[in-house]
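Trainee: Could you take me through one part of this model in close detail, the open sheet, and then show me how its surroundings fit together? I would like one connected account that I can follow on screen.

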Amino acid sequence: MPMRDIRLLTEMFIPGTLIGPFTQANPGLGGVCTFVGEVRFDEGVEALELSHYVPLTLPGMHALADRTFARFELMGLLMVHRVGLMRPGEPIVCVSAAALHRRDAIDAVDFCMDHLKSAAWFWKREQRTGEWHWIEPRAGDHRDLARWQS
Amino acid sequence: MITVVLLGKLADLAGAPTLTLAGPLDWAGLRAALPSALAEAIVDPRNRVALNGALMADKATLQAGAGDEIALLPPVSGG
């Protein structure tokens, strides 16, 4: 059975505490690729809030993991996403893939991130100088997704 | 009672993250029971509907009764 760890977290996490054990859990791997996304220090942004819908969001991440395992030769996949209130500099997402060969690990992480950024069930708003603004879907995210439609 | 869960900016239009409505409700009945700005917004095809956690292919076929949960889902902004 491949190692698979898919989680939504409501509290701040430290990516290293996940990546270390994940790597240890995949003995014999040829490579690990990890991406960590953090809340950017954008001008005026004080906080970011991610909301989710329980029946869809985590099941959607599991479905994405299924597609990732089907598409790439992986030994393990870690996909952890924050929800709730975050401050600039806090980690928001961590995806790590372990494989025998580097290309599968790198591409699996890229594939997961493009899907999480555009098609996952999250709604995001940011607080700028005290005011909350919903963040609209970005055309660039959909272009990123189209890279994998072949 | 029927619980209506509102995500993203639709929660702002409702003034609350959830509403409780008397059932049964079909699509027209749901729209009639919601604040007018929200009733108008949910017609937009980009706004999806889930009934008891399952995404509906055609929200106009909605039939909800006591104990059901309707979720109103605007386009996702991604993680």
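Mentor: Happy to! The open sheet in chain A is built from 4 strands in the order β5-β3-β7-β8, with antiparallel pairing. Please keep in mind that this is a predicted model. At the edges of the sheet are β5 (84-86) and β8 (131-134) of chain A, each of which pairs on one side only. From one strand to the next, the twist averages 25°. As a reminder of what holds such an arrangement together, strands of a sheet pair through backbone hydrogen bonds, either parallel or antiparallel.

Let us walk across the sheet from the β5 side. β3(A) and β5(A) pair in the antiparallel sense over 3 bridges. A good place to look is A:Leu48, which stands opposite A:Met86 in β5(A). Next, strand β3, residues 45-52 of chain A, is joined to β7(A) by 7 bridges, again in the antiparallel sense. Here A:Leu50 has A:Lys124 of β7(A) as its bridge partner. Finally, β7, residues 122-128 of chain A, pairs with β8(A) over 4 bridges, also antiparallel. On that side, A:Arg125 faces A:Trp134 of β8(A) as its opposite number. If you colour side chains, remember that in a regular strand they alternate between the two faces of the sheet.

The connection between β7 and β8 of chain A deserves a pause, for A:Thr129 is found in that loop. Its phi is positive, about 40°, although A:Thr129 is not a glycine. Is this residue buried or exposed? A:Thr129 is exposed, because it has 7 other C-beta atoms within 10 Å, and 12 or fewer is the limit for that class.

Now step back to the chain that holds the sheet. Chain A has 4 helices and 8 strands, and from the N terminus on its elements run β-α-β-β-α-β-β-β-α-β-β-α. Among its contacts between residues at least 6 apart in sequence, 77% join residues at least 24 apart. For overall dimensions, the C-alpha trace of chain A spans about 50 × 35 × 30 Å along its principal axes. The radius of gyration of chain A is 16 Å, which agrees with the value near 15 Å that a compact globule of 150 residues would have. Of those 150 residues, 33% count as buried. To get a feel for distances, pick A:Pro27 and A:Arg143: they are 116 residues apart in sequence, and 36 Å separates them in space, C-alpha to C-alpha. A:Pro27 lies in the loop between α1 (15-24) and β2 (31-38) of chain A. With 9 C-beta neighbours inside 10 Å, A:Pro27 counts as exposed.

From the sheet we can also move on to the partner chain, and B:Leu7 is a handy link. Not counting residues up to four places away in sequence, B:Leu7 touches A:Ser51, A:Tyr53 and A:Trp123, as well as B:Ala71, B:Leu72, B:Leu73 and B:Pro74. B:Leu7 also belongs to the largest nonpolar core, a set of 56 residues in which A:Ala97, A:Ala108, B:Leu7, B:Ala71 and B:Leu72 touch the most other members. Strand β6, residues 91-99 of chain A, gives the most to this core, with 7 residues. In soluble globular proteins, nonpolar side chains tend to be buried together. Across the interface as a whole, 14 residues of chain B are in contact with 22 residues of chain A. The chain B side of that contact has 8 nonpolar, 5 polar and 1 charged residues.

Chain B itself comes to 3 helices and 7 strands. Its radius of gyration is 11 Å, close to the 12 Å that the globule rule gives for 79 residues, so chain B is as compact as a globular protein of that length. Of its 79 residues, 34% count as buried. Two backbone details are worth checking there. The peptide bond from B:Gly23 to B:Pro24 is cis, with omega near -5°, and B:Pro24 has its place in the loop between β2 (18-21) and β3 (25-26) of chain B. B:Asn52, in the loop between β4 (48-51) and β5 (54-55) of chain B, has a positive phi near 50° although it is a residue other than glycine. B:Asn52 counts as exposed, with 11 C-beta neighbours inside 10 Å.

Definitions and conventions. Residues numbered from 1 in each chain as written. Chains lettered and ligands numbered in written order. Predicted model: local features only at pLDDT ≥ 70, side-chain atom pairs only at ≥ 80, totals over all residues. Pairing = 2+ DSSP bridges. Helix = DSSP H or I, 4+ residues; strand = E, 2+ residues; numbered from the N terminus. Axes fitted to C-alpha atoms, helices over the stretch in contact; angles between N-to-C directions. Contact = placed C-beta atoms within 7 Å. Nonpolar A, V, L, I, M, F, W, Y, C, P; charged D, E, K, R; others polar. Buried ≥ 20, exposed ≤ 12 C-beta atoms within 10 Å, placed from the backbone. Rg over C-alpha atoms; globule rule 2.2 N^0.38 Å. Core = buried A, V, L, I, M, F, W, Y, C linked by C-beta atoms within 7 Å.
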